[in-house]
Structures are given as C-alpha cells and as structure tokens.
Amino acid sequence: MDLEIEGRVAVVTGAASGIGRATARRLAREGCHVVAVDLEAITIDTDELGESAIAVEADISDPDCVRRIFSTTVTAFGRLDILVCSAGVFETTGPLDLSADEWDRIHSVNLRGAFLCAQAAAPVMSRTSWGRIVLLSSMAAQTGGLAAGAAYVSAKAGVMGLTRSLAIHFGHLGITVNCVNPGTIETPMTAYVEREALAARTPLRRNGTPEEVADMIAVLSSERSSFVTGAHLSINGGLVAD
Ligand code: NAP
C-alpha cells in the first residue's frame, strides 16, 4: 500500500523510545522528514531516521517547549504535515494511594501535553489545508485498566474525548485527528507489568510490538485515511472488543 507521504514533515513526540521511536523510523522509511522530540535529545537516535531528521529536546507539558518544537520545525522545513503524540508516562498506583501531585504529573504529560502539541500544530498545518494528528490513548481507557492506575486511565480517556473534540474543530482546516488505543505493547513502559499474564488472556496469545502500533499510526498519518477523523483504533490482539 502506497501511503503517499514521501516528503511530508512529521513531528513525533516520545521518539527516543518504544512506540514513538518505531513510528519515527516507520515514517522516515516512508520518506518523511522527521522531527524527533523527547525529554533528552541525547536519547534520540537521528541516524536511524534519515539524513534530514532533527532532534528537539522538549518537555511537552511545558507550553514554551511546545512552541519551540513547532518554531524549530518551521525554521528547518517550512511546513508541518503530521503530528504523532507518543510521549507518555505510566502509573499503577491504587486510587487510595494516589497523591494529587502524581495525578497532575500523569495528566500533564499524557493529556495536557497532547493538547498543547495539537493546539500548536494545527495553525501551521492549516496553511496547506492538510494535516494528520494521531494521539496515543490506551486500551486502559476502554477497560478501566488491567495494570494501569486511575490517573493513567483518566488521562487516556481524556485523550479519546480530546480526539473527538479536535476532529470537530479542525475538520474544516483539512486536518484529521485520530487516536490509537494499544493494548499491552512490549516497550520500556510495560517492563514492570505482568506481561505474560496479559498475553495469556489475549486471543492472539501474545503482546504487541511497537512496530505493529507504528504501522497503524503510519496509515492514520497518510493519504490512505483521508476520510477518517475523530476515530479510535484498537490495537490489542483481540483482548478488548470496542
Ligand atoms: P516509552 O517507551 O516509555 O516511551 C515514552 C517516551 O516519552 C520516553 O522516551 C519518555 O522519556 C518520553 N517522555 C515522557 N515524558 C515526556 C515529556 N514530558 N516530554 C517529552 N517526552 C516525554 O513508552 P511507550 O510504551 O512507547 O508509550 C508510548 C505511548 O503509548 C504513551 O503515550 C503510552 O501511554 C501509550 N501506550 C503504551 C502502551 C504500551 O503497552 N506500551 C499501551 C497503551 C498506550 P523518558 O524515558 O525520559 O521518560
């Protein structure tokens, strides 16, 4: 399938690790110019992202950092076509033990960070009347969390609502907004959860790989999903039906 995104400019947050890294590589393989964002630039491997790739060190929960991501992108490439918000943080704390500070930290990256990035990206994308925004929700937002805690579940449920809201507001600008809801994916984020037990409950009898999520994100970032917006895509080996 030709995704027809060669030459497109893509910002990928959380690009140093897991799903973000796999997505940055996938988009680079399709011929995109990649702006790879993460908390520490030194952790981003731009060598695997093609000659034009650049790394931006930024905390996506900080509005000043977010503004810098997109001004750097425009300075380097003159445009922005694709935004994938993969940066995220996880927690497994029971609700009775969850502090207000931890609640805020989890929401500030997973939900506020996704919002700030999408809000900054849309005006740049609207200049060409073409844009693709893909947010990372989670199967946890659908189940209530098989391993995740209440703050993470709440933030990822917020991402699903945010996706629908932004799809409504950005549609007339030529920008689609969708989210993916991965199940258990083998990345550093899930290194400490009971992955074997979750795999055993999954119809496909295994957990997912970051590349399998990246494939679906690439389709949602492409010409092949031109009439899909406000949608969520479950990528969970059949563990949860929509
Ligand atoms: P990961 O391997 O931990 O990668 C997340 C990346 O985001 C890390 O490089 C992390 O940096 C970075 N990051 C954290 N806070 C940031 C911030 N404030 N600003 C910029 N970057 C930040 O996680 P993953 O498994 O690839 O997860 C990617 C996304 O998918 C997340 O949104 C996650 O919630 C979602 N998801 C994952 C799974 C799964 O099973 N893995 C399932 C459902 C949804 P540090 O390492 O320095 O913190």
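Let's start with helix α1: nine of its twelve residues are buried, so the rest of the structure largely encloses it. Keep in mind that this is a predicted model.

**Helix α1**

The buried residues of α1 are Gly18, Ile19, Gly20, Ala22, Thr23, Ala24, Arg26, Leu27 and Ala28. What sits over them? The cover includes the strands β1 (9–13), β2, β4, β5 and β6, along with the helix α7 (210–220). The length of α1 works out as well: at 1.5 Å a residue, its twelve residues should span 16 Å, and the 17 Å between its end C-alpha atoms agrees with that. After the helix comes Gly31, which has a positive phi near 95°.

**The nonpolar cores**

In soluble globular proteins, nonpolar side chains tend to be buried together. Here, the largest nonpolar core has 34 residues, and Phe70, Leu83 and Ile133 have the most contacts inside it. Which elements each give this core at least two residues? They are β2, α2 (63–77), β4 (82–85), α3, β5 (131–136), α5 and β6 (175–182). The largest share comes from α3, with nine residues.

Ile133 is a handy residue to click on. Leaving aside neighbours within four places in sequence, Ile133 touches Leu83, Ala118, Met125, Phe170, Ile175, Thr176, Val177 and Asn178. Apart from this core lies another one, of 28 residues, and Ala24, Leu27, Val134 and Val180 are among them. Two of those names, Ala24 and Leu27, also turned up in the list of buried α1 residues.

**The pockets**

Rolling a probe the size of a water molecule over the atoms shows where empty space is left. Here is how the linings of two pockets divide up.

| Pocket | Nonpolar | Polar | Charged |
|---|---|---|---|
| Largest pocket | 23 residues | 14 residues | four residues |
| Second largest pocket | five residues | seven residues | two residues |

The largest pocket has a volume of about 820 Å³. Its lining is made up of 41 residues, with Ser86, Gly88, Val89, Tyr152 and Met189 nearest the centre. Our helix α1 (18–29) is back again here: α1, β2 (33–38), α3 (100–126), α4 (140–143) and α5 (150–170) each supply at least two residues of that lining.

The second largest pocket has a volume of about 160 Å³. It has 14 lining residues, and those nearest its centre are Arg206, Asn207, Gly208, Asn236 and Gly237.

**A few residues outside the helices and strands**

Is Leu96 buried or exposed? This residue lies in the loop between β4 and α3. With a relative accessibility of 87%, Leu96 counts as exposed, because the cut-off is over 50%. For a sense of distance, compare Leu96 with Ala28 of α1: they are 68 residues apart in sequence, and their C-alpha atoms are 44 Å apart in space.

Most residues other than glycine have a negative phi. Glu4 goes the other way, with a positive phi near 55°. Glu4 belongs to the segment before β1, and its relative accessibility of 44% makes it partly exposed. Ser129 isn't a glycine either, yet its phi is positive at about 55°. You'll find Ser129 in the loop between α3 and β5.

Technical notes. Residues numbered from 1 in each chain as written. Predicted model: local features only at pLDDT ≥ 70, side-chain atom pairs only at ≥ 80, totals over all residues. Heavy atoms only, no water. 1 Å grid on protein atoms, 1.4 Å probe; cavity = no way out; pocket = protein on both sides within 12 Å on 5 of 7 lines; lining within 4 Å. Points joined across faces, edges and corners; volume = space filled by probe spheres on them. Helix = DSSP H or I, 4+ residues; strand = E, 2+ residues; numbered from the N terminus. Nonpolar A, V, L, I, M, F, W, Y, C, P; charged D, E, K, R; others polar. Core = buried A, V, L, I, M, F, W, Y, C linked by side-chain atoms within 4.5 Å. Buried < 20%, exposed > 50% of the residue type's maximum accessible area, 1.4 Å probe, protein only. Contact = heavy atoms within 4.5 Å. Expected span 1.5 Å × (residues − 1).
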